[in-house]
Amino acid sequence: MMGPAHSLSGAAAWLGVGAAAAAADRPMPWPVLVVGALICAGAALAPDLDHKSATISRAFGPVSRTLCEVIDKLSAAVYKATKKQGDPRRTGGHRTLTHTWLWAVLVGTGVSVLAMTGGRWAVLAILFVHLVLAVEGLLWRAARVSSDVLVWLLGATSAWILADVLNKPGNGADWLFSAPGQEYLWLGLPIVLGSLVHCAGDAITVSGCPVLWPIPVGNKRWYPIGPPKAMRFRAGSWVELKVLMPVFMLLGGIGGLGALGVI
Ligand SMILES: [Zn+2]
């Protein structure tokens, strides 16, 4: 899928988690619902950091371009080192290492540790990166016509405001994990979820997604998971724009209302 559909599915997934949490008697305070949905929308773009024309690789100018080159090389090297005889030869690293459950869990864990131990500036940095991505993803075309600097300013000011809102007692810095010292541990959850939702979105396109790696399937370690070929579609096709995106909006809306206890 393309950036906007990935972001929208990420936001909808977090709102769904909000509804599930409310049903399980651990309701999210509204700032957790909103910030989590935005982080998840941003994190749902992150796996494409292995592809130089992806939204995320252009989002932070030379910084993300350089990171993209490093991730692409690293992914290609890991692919080559771990492929079994059934995996095809390939040159680039797109849709390999960053499109796996293991990557999702490692990045999410890293962010949780950083958020818990790094203090206010770490939380601000995590919010900033993901809010910029959420703006790029959700407001795709609108963000493209404005300058990068404006989007960064918007990300920075909203990160600052939202971090203050979260910090107020009862607003959810300690949602789900309430022991002392575990504030913001939950920030890793929307990141893991966003990555996995991205993989699910790619799995239903023609090429599939090797999300199970390093668990082998038959004689392949990079088995492209996906539905039967006839049910797959091309990234950016009308199915994605006219069917999936409205469905994500609808599901997100229902999830959000469920999370807030309206329905
Ligand atoms: Zn992808």
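**Exercises on a predicted helical model**

P214 is placed in the loop between α9 and α10 (238-259). Helices here are DSSP runs (H or I, at least four residues), and strands are E runs of at least two, numbered from the N terminus. The model is predicted: local features need pLDDT of at least 70, side-chain atom pairs count only at pLDDT 80 or more, and totals for chains, interfaces and linings use all residues. Residues are numbered from 1 along each chain as its sequence is written, and side-chain values use heavy atoms, with hydrogens and water left out.

**Exercise 1.** Find the geometry of the peptide bond from W213 to P214.

*Solution.* Read omega: it is near 5 degrees. The bond from W213 to P214 is therefore assigned as cis.

**Exercise 2.** Classify the packing of α1 against α9, then list the contact.

*Solution.* Step 1: take the two helices, α1 (residues 3-23) and α9 (residues 188-203). Step 2: get the axes, which are lines fitted to C-alpha atoms, for helices over the stretch in contact; angles run from 0 to 180 degrees between N-to-C directions. The axes come within 9 Å and cross at roughly 130 degrees. Step 3: that angle makes α1 oblique to α9. (Under 35 degrees is roughly parallel, over 145 roughly antiparallel, 65 to 115 roughly perpendicular, the rest oblique.) Step 4: collect the contact (heavy atoms within 4.5 Å). From α1 come H6, S9, G10, A13, W14 and V17. From α9 come L189, P190, L193, V197, H198, G201 and D202. Step 5: sort by type. This contact has seven nonpolar, five polar and one charged residue. (Ala, Val, Leu, Ile, Met, Phe, Trp, Tyr, Cys and Pro are nonpolar; Asp, Glu, Lys and Arg charged; the others, Gly among them, polar.)

**Exercise 3.** Repeat the analysis for α6 and α8.

*Solution.* Step 1: the axes of α6 and α8 come within 8 Å and cross at roughly 130 degrees. Step 2: at that angle, α6 is oblique to α8. Step 3: the contact of α6 with α8 divides into 15 nonpolar, three polar and four charged residues.

**Exercise 4.** Describe the largest nonpolar core and the surroundings of W186.

*Solution.* Step 1: count members. The largest core has 32 residues. (A core joins buried Ala, Val, Leu, Ile, Met, Phe, Trp, Tyr and Cys through side-chain atoms within 4.5 Å.) Step 2: find the hubs. W14, L127 and W186 touch the most other members. Step 3: assign elements. Two or more residues each come from α1, α2 (30-43), α5 (101-117), α6 (119-138) and α8 (148-167). α2 gives the largest share, eight residues. Step 4: look around W186. Leaving out residues up to four places away in sequence, W186 touches W14, V32, V35, G36, L166, G172, A173, W175 and F177. Step 5: check for another core. A second, separate core of twelve residues includes A54, I56, F60 and L133.

**Exercise 5.** D25 and Y184 have positive phi: which is buried and which exposed?

*Solution.* Step 1: D25 has phi of about 70 degrees and is not a glycine. D25 lies in the loop between α1 and α2. Step 2: D25 is at 65% relative accessibility, so D25 is exposed. (Buried is under 20% relative accessible area, exposed over 50%, partly exposed in between; 1.4 Å probe, protein chains only.) Step 3: Y184, also not a glycine, has phi of about 70 degrees. Y184 lies in the loop between α8 and α9. Step 4: Y184 is at 7% relative accessibility, so Y184 is buried.

**Exercise 6.** Locate T55 and find its separation from L153.

*Solution.* Step 1: T55 belongs to helix α3 (residues 55-59). Step 2: its relative accessible area is 10%, so T55 is buried. Step 3: T55 and L153 are 98 residues apart in sequence and 18 Å apart in space, C-alpha to C-alpha.
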